[in-house]
Amino acid sequence: MSPIRVFTSTNVLLQGRHDLLPATIEVDVESGKIVKIHEGKKTESDYEGVLEEGAFVDVGELVILPGLVDAHVHLNEPGRTHWEGFLTGTQAAISGGVTTVVDMPLNSIPPTTTVENLNTKREAARGQCWTDVGFWGGIIPGNQDNLVPLVKDGVKGFKCFLIDSGVEEFPCVAEDDLKLAMGSLSSAPSTILYHAELDILQPSKAVTSSAPADQSDPANYQTFLSSRPPTLETSAISLVISLHRTRPSLRGHIVHLSTSTALPSIRAAKSSNINLTVETCFHYLCLTAEYIPHGHPEFKCCPPIRDNANRQELWDALLDGTIDCVVSDHSPCVASLKRVDTDGDFMQAWGGISTLGLGLSLLWTEAHKNEKLKGKVGIADIVRWTSEKTAEHASLQGVKGALAVGYDADIVVWDPDVELKVTKDSLKFKNKLSPYEGLTLRGQVQQSYVRGNLAFDRHRRGFDGLSAPGKLL
């Protein structure tokens, strides 16, 4: 008989429940699967003669949650490991209760656009991962014949850009490229993820300049914001909806939705049964354009953070199900590319926000401080958006995203009442540059387990005495 490990608390979030309840979870040590769940809190004496030493984990009144699944992360290895890497990126993730990440096909070199490149990335990742790691493939002009082999080799779907990606090895696609890709995938249905910004005047070029004369200061956030108007997103989303109207077996997914002006067309598409899902990000839900300081491009991302009224409409869309899930879009770089220590030029700085390890605390904090959300958002909602729905998006349903029999025992021990200040020392990712630095957040992960194996323990300074348990999915 395989040994078991037991987790118990007076506050456990089980699959299908909206409230926390006392429960005890039994995990098969060899498989890492949940094999039995008891409602009610058992004691160690209930397992006398059954458990090995240290195999009974009683966390008292702390909350037990399923591990989060972050389905939009740029780990950048190999090729740009000085930006981030599998080791530091997954350590940052696990410290915030993310037990599975799905890596984007860029900004690594090479990008994940062929099976050969996928294997190169897997070799780089092997033995370094503190979370389980899956991979998205990429669609670029001319690689349509590589897509089905990538599906067969395990990628979760395909990311593409409808506007310049910012890296030359991952060029954007035009409508004709997408039709070729969709044709190839007709024999192996998958998901296409869209960076949905489209400059209909110059579809192959990034919109990086041409700010209005009265907003010509490149260190002024409004200059950058004016250069990425909502019409870029609405134009792209209209194209995506049009393409997927004729491909019902192929799911389209809008990544990092930032503009609420696209919500009516998304709602109409979903009501007409177009196979479409949508994500937004922590930064669009927790940050606003009005409060971005002059000369601080750590707040820059594409599409951009918009105003507070827009942010509230995104929250409404999340609550009513128009937006399906929330991800980090962790997209770091070296400090020099952010230009925070030089000229603070938003127009020239790298566009990407570093968030890994903070998402659960960010949403929990916002749920408490935002007057319009009080009483509407509970921990079960946050877990649904960041674990259950993201697992479904990455085709990991039935394995990840819930505490239920047969699922991986990805378990997070969380203190909802702790307050923490975000400092450079508290950030686990490689380049410690984040717009959240200095904020006081509520709720903190104490321990994270991947398939029943302890992967992070705040009381052991995080990782002391532990080994990386992550697998490649």
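Two strands count as paired if DSSP finds at least two bridges between them, and both strands (E, at least two residues) and helices (H or I, at least four) are DSSP runs numbered from the N terminus. The model on your screen is predicted, with local features needing pLDDT of at least 70, side-chain atom pairs counting only at pLDDT 80 or more, and totals for chains, interfaces and linings using all residues. Residues are numbered from 1 along each chain as its sequence is written, and side-chain values use heavy atoms, leaving out hydrogens and water.

Begin by selecting residues 98-103, which are strand 7, where six of the six residues are buried, meaning under 20% relative accessible area with a 1.4 Å probe and protein chains only. Add residues 68-73, strand 6, which pairs with strand 7 in the parallel sense over four bridges, and look for valine 73 opposite aspartate 103.

Next, select residues 132-135, strand 8, which is likewise parallel to strand 7 over four bridges; here valine 102 stands opposite glycine 134.

Now show the helices between these strands. Helix 1 (residues 86-95) joins strand 6 and strand 7 in a right-handed β-α-β unit, right-handed being the case where, with the strands pointing away from the viewer, the path from the first strand over the helix to the second runs clockwise. Helix 2 (residues 115-125) forms another right-handed unit with strand 7 and strand 8.

Finally, turn to the open sheet of six parallel strands, in the order 9-10-11-12-13-14. Strand 9 (137-138) and strand 14 (325-327) each have a single partner strand, so one side of each is left without a neighbour in the sheet. Select residues 158-161, strand 10, to find phenylalanine 158 as the bridge partner of glycine 137.

How values were computed. Buried means under 20% relative accessible area, exposed over 50%, partly exposed in between (1.4 Å probe, protein chains only).
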